[in-house]
Amino acid sequence: MIPVLDWSRHASDPAALASEVGRALRDTGFLLLANPEVPAELRAEVFGQADAVFDLPEDAKRAVDIGNTPHFRGWAGPGTESLDETRPEIDTKQSFNIGLELAPDDPAMGQPFRGPNQWPDLPGFRETMLAYYGAAQAQGLGLLSLIARDLGLAPDHFDPLFDRPLSALRLLRYPPATGAPSEIGAGAHTDYGAITLLMTDGEPGLQVRPRGGDWTDVPHVPSAYVVNVGDCLMRWSNDTYVSTPHRVLPPARTRRSVAFFVEANPDALVKALPGTGTPKYAPILAADYLRSRLDATYAPKAPA
């Protein structure tokens, strides 16, 4: 149901790989990307630094709490988020969120989603995360070039729309299940952006619900990324691609994952791409669309 595609083919046969990527994104909206270009050593360092930040004392994490800034950066504790807007359950996970690093005197600083990152007092944390942010963004642009090919567009069509991105790096830790009623690691949701690159530690829990189907476990392929379509790309492609609901069940053991959400520039106009038919959605700026989704995610809820 979820195909495994080999990124190493992108240089030798991009047209064929683009066709296979497009088929997967039209079908379930998910694929597994083997042999990605992001170095394995860097991915391992990210997991190690994620363990370190989540193991910090509570007061150290509170010092970089996501509530300290309006730009959705920093640590979010258990119960902070609720990804399923239709349900009362609050997610048990904790996360750490990192955005595009700008110079303090950058003219965009202070605009929505354009604040400084909050960095914990951990040796090597900032350097590792910024290196990974750049590598994952480059991998995302590589996939977007294949998506452009699949849609009959120039391979570099998306490049100028993603050169100052809203992309977000999220470190995630899910605690072991307690058996409490209505417990959920991450509620059923679709992602907000263009595409998501997810790496996991192999602990089960991630499920996808394809159209017309039931919840199905996403298989783990060591070193492969789980890639899926976000709502923004579904809208941009005029529903050519499908953004599929997924969730994380409470795991048997602590579960770790790292998500990279590939987002467009804030001023990118999201409207039906050429060749995708009569537009189904009104045009909207990428920043306005993201704001509407994040406001719902962080809206207060009474515990279930």
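Analyst: Two strands count as paired when DSSP finds at least two bridges between them. The model discussed here is predicted.

User: Take strand S7. Which strand is joined to S7 by 4 bridges, and in which sense do they run?

Analyst: Strand S10, residues 225-229, is joined to S7 by 4 bridges, and the two run antiparallel. One bridge pair can be picked out by residue: leucine 198 has valine 226 in S10 as its partner.

User: Which strand is joined to S7 by 6 bridges?

Analyst: That is strand S12, residues 255-262, which also runs antiparallel to S7. Here isoleucine 195 has valine 262 as its bridge partner in S12.

User: How should I read the two faces of S7, and which residues lie on each side?

Analyst: The general idea is that side chains in a regular strand alternate between the two faces of the sheet. In S7, Ile195, Leu197 and Met199 lie on one side, while Thr196, Leu198 and Thr200 lie on the other, and all are buried. Buried here means a relative accessible area under 20%. Because 6 of the 6 residues of S7 (195-200) are buried, the strand is largely enclosed by the rest of the structure.

User: Strand S5 also pairs with S12. How many bridges join them, and how many residues of S5 are buried?

Analyst: S5 and S12 are joined by 7 bridges and run antiparallel. Leucine 169 stands opposite phenylalanine 260 in S12. S5 spans residues 168-174 and is mostly covered, with 6 of its 7 residues buried. S5 also has 5 bridges to strand S4 (residues 94-98), again antiparallel. Across that pairing, phenylalanine 96 is opposite leucine 171 of S5.

User: Now the open sheet of 4 strands. What is its strand order, and which are the edge strands?

Analyst: The order is S6-S11-S8-S9, with antiparallel pairing. Its edge strands are S6 (186-189) and S9 (216-217), each of which pairs on one side only. S6 pairs with S11, residues 246-248, over 2 bridges in the antiparallel sense. In that pairing, histidine 189 has histidine 246 of S11 as its bridge partner.

User: Leucine 206 is in strand S8. Is leucine 206 buried or exposed, and what is it in contact with?

Analyst: Leucine 206 lies in S8, residues 206-208. With a relative accessible area of 9%, leucine 206 is buried. Beyond its neighbours within four places in sequence, its contacts include Leu198, Val226, His246 and Arg255. Sequence separation and distance in space can be read together here: leucine 206 and leucine 249 are 43 residues apart along the chain, with their C-alpha atoms separated by 6.6 Å.

User: And alanine 138: where does it lie, and how far is its C-alpha atom from that of alanine 52?

Analyst: Alanine 138 is in helix H4, residues 125-150. Its C-alpha atom and that of alanine 52 are separated by 26 Å, with the two positions 86 residues apart along the chain. Alanine 138 has a relative accessible area of 36%, so it is partly exposed.

User: How do I read a positive phi, and where is asparagine 35 found?

Analyst: As a general idea, most residues other than glycine have a negative phi. Asparagine 35 is not a glycine, yet has a positive phi of about 55°. Asparagine 35 is in the loop between strand S2 (30-34) and helix H2 (40-54). Its relative accessible area is 43%, which means it is partly exposed.

User: What is the phi of serine 223, and where does serine 223 lie?

Analyst: Serine 223, also not a glycine, has a positive phi of about 75°. Serine 223 sits in the loop between S9 and S10. At 42% relative accessibility, this serine counts as partly exposed.

User: Turning to the whole chain, how does the radius of gyration agree with that of a compact globule?

Analyst: A compact globule of 304 residues would have a radius of gyration near 19 Å, and the chain has 18 Å, so the two agree. Along the principal axes, the C-alpha atoms fill a box of roughly 50 × 50 × 40 Å. The chain holds 6 helices and 14 strands, and 54% of its residues are buried.

User: What share of the contacts comes from residues 24 or more positions apart?

Analyst: Among contacts with a separation of 6 or more, residues 24 or more positions apart account for 78%.

User: What does the chain expose, and how are its charges placed?

Analyst: The chain exposes about 12,700 Å², of which carbon and sulfur atoms supply 55%. There are 27 positive and 38 negative side chains, and the centres of the two sets lie 4 Å apart.

Terms used: Residues are numbered from 1 along each chain as its sequence is written. This is a predicted model: local features need pLDDT of at least 70, side-chain atom pairs count only at pLDDT 80 or more; totals for chains, interfaces and linings use all residues. Side-chain values use heavy atoms; hydrogens and water are left out. The radius of gyration is taken over C-alpha atoms; the globule rule is 2.2 Å times the number of residues to the power 0.38. Buried means under 20% relative accessible area, exposed over 50%, partly exposed in between (1.4 Å probe, protein chains only). Contact means heavy atoms within 4.5 Å. Accessible areas come from the Shrake-Rupley method with a 1.4 Å probe; for residues, only the protein chains shown count as cover. Lys and Arg count as positive and Asp and Glu as negative; His and the chain ends are not counted. The place of a charge is taken as NZ of Lys, CZ of Arg, CG of Asp or CD of Glu.
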